[in-house]
Amino acid sequence: MFQRGLFGDSMGVYQANDDYLHYSNNDNADFFSTMPLSQGQQATLAVVPKITGWLSVIGSSTIAYFLLVRDPSKRKKVYHRLILGMAIADISSSVWLSLSTWPIPASSGVLWAVGTTQTCTAQGFFTQLGISSPLYNVSLSLYYVLAVRCNWKEPKLRKIEPFFHLGPWMWALGTGITGLPLRIFNNANLWCWIADHPERNTNTNPYRWAFFYGPLWTTLIVVTVNLFLLFRYVQRITRKSEEYIFQQQMKQQQQQQHQQQISSNQPASTNSNTNANATIQPQLQQQQQQRSEHSTTDTVNDSNCKKEESS
C-alpha cells in the first residue's frame with residue numbers, strides 16, 4: 001500500500017518502448033502519448049518497489065511470528081487477532097507488489113518484464129486484495145471505540161469479532177474476483193493492477209474508484225472520526241480526573257486549616273479551665289465546711305435531745 005501511494009500510476013497505463021514510456025489515459029484522443037524516461041529512471045522505478053515491498057513483508061512477518069509462534073497466548077485477545085489479520089493482509093499484497101515489473105507480459109517491452117497475461121492477472125488480483133489492509137484499520141478503530149469509549153469487555157467484543165474480519169476480506173475478495181471476468185487487471189506502470197488495455201478493457205478508471213480509491217477515502221474518514229471520538233472521550237475523562245484531584249486537594253487543605261485552628265485554640269481553653277477550677281474549688285471547700293458544721297450541730301442537738309429525754 002505504501003508503494004502504490006509513493007509511486008502511483010496516474011490513473012493510466014505505462015508501456016515501455018525503447019527509451020520512452022508510453023502512457024495511456026482515457027482523456028486523450030489518441031490511446032498513447034509518450035513520456036521520455038531514461039533506462040536508469042526505469043530501472044530505479046522497477047527496483048524501489050522490490051526493496052519497499054520486502055521491507056513490508058519482513059515487518060508484517062515479524063508481527064505474525066510473534067503472535068503465532070513466540071507468544072501464542074496473545075492470540076486469545078481480540079486486539080491481537082485483529083493485528084494478525086492486518087499483518088497477513090499486508091504480507092499477501094506486499095509479496096506481489098515486490099515482484100514489480102516481473103509479472104508484466106514480456107511482449108509489453110517494459111523493463112525486466114518476463115511474465116504473461118496470466119501472471120499479470122494474478123499479480124493484479126493479489127494486489128487488489130491489499131485493500132483489506134486499510135480496511136482492517138477501520139476494524140481496529142471500531143475496536144478501540146467499543147473497548148475504551150463504550151467500555152465493552154472481552155466476551156462482548158468476541159461476539160462481534162467475526163464482522164471485524166469478514167468486512168475487509170469480503171470486500172477484498174469480492175472486488176478481486178469481480179475484476180477477473182471484467183479483465184481489468186493489466187499492466188499498470190510498475191506492476192499489474194487495475195489499468196486500461198487496448199484489447200482487454202479500455203475504461204477501468206471507474207473500477208479503480210469503486211474498488212479501491214473510494215473505500216480507501218472512506219477508511220480515512222471513518223478512522224479519523226473514530227479517533228476524534230476517542231480523543232474527546234479521553235479529554236473529558238482527563239478533565240474530570242483533574243477536577244476530582246483538585247477537589248481532594250482543597251478538602252485536604254481545609255482539613256489541615258481546621259486542625260491548625262483547633263491546635264491554636266487548645267492553650268486558651270486550658271487556661272480558662274484552670275481559672276474556672278481555681279474559682280470553683282474554694283467555693284466547694286466552703287460548702288463542705290458548712291455541711292460539716294451543720295452535721296456537727298445536728299449531732300450535738302441530737303445528743304442533747306436524748307439527754308433531756310433520759311432525765
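**Group meeting: a buried arginine and a nonpolar patch**

Let me start with one residue, Arg208, which sits in helix H7, residues 205–310. Before going on, note that this is a predicted model. Is Arg208 buried or exposed? Its relative accessibility is 0%, so Arg208 counts as buried; the cut-off for buried is under 20%. What does the side chain of Arg208 reach? It reaches the backbone oxygen of Ile194, at 2.5 Å.

Now the chain as a whole. The protein chain has 311 residues, and 35% of them are buried. It contains 7 helices and 5 strands. Read from the N terminus, the order of elements is α-β-β-β-α-α-α-α-α-β-β-α. For contacts, take the pairs with a separation of 6 or more: 63% of those contacts are between residues 24 or more positions apart.

Next, the surface. The accessible surface of the protein chain is about 18800 Å². Carbon and sulfur atoms account for 60% of that.

Which residues form a nonpolar patch on the surface? They are Val47, Ile51, Leu55, Ile58, Trp102, Trp112 and Val114. Together these residues have about 700 Å² of accessible area.

Take Ile51 from that patch. Ile51 belongs to helix H2, residues 39–70. Its relative accessibility is 48%, and because exposed means over 50%, Ile51 counts as partly exposed.

To recap the two residues: Arg208 in helix H7 is buried, and Ile51 in helix H2 is partly exposed. That is my part.

Note on methods:
Residues numbered from 1 in each chain as written. Predicted model: local features only at pLDDT ≥ 70, side-chain atom pairs only at ≥ 80, totals over all residues. Heavy atoms only, no water. Patch = residues over 30% accessible without salt bridge, like charges linked within 9 Å, V, L, I, M, F, W, Y side chains within 5 Å. Areas by Shrake-Rupley, 256 points an atom, 1.4 Å probe, with all protein chains shown as cover. Salt bridge = Lys/Arg side-chain N within 4 Å of Asp/Glu carboxyl O. Helix = DSSP H or I, 4+ residues; strand = E, 2+ residues; numbered from the N terminus. Buried < 20%, exposed > 50% of the residue type's maximum accessible area, 1.4 Å probe, protein only. Contact = heavy atoms within 4.5 Å. Polar contact = N/O pair within 3.5 Å; in protein donor to acceptor, adjacent residues only side chain to side chain.
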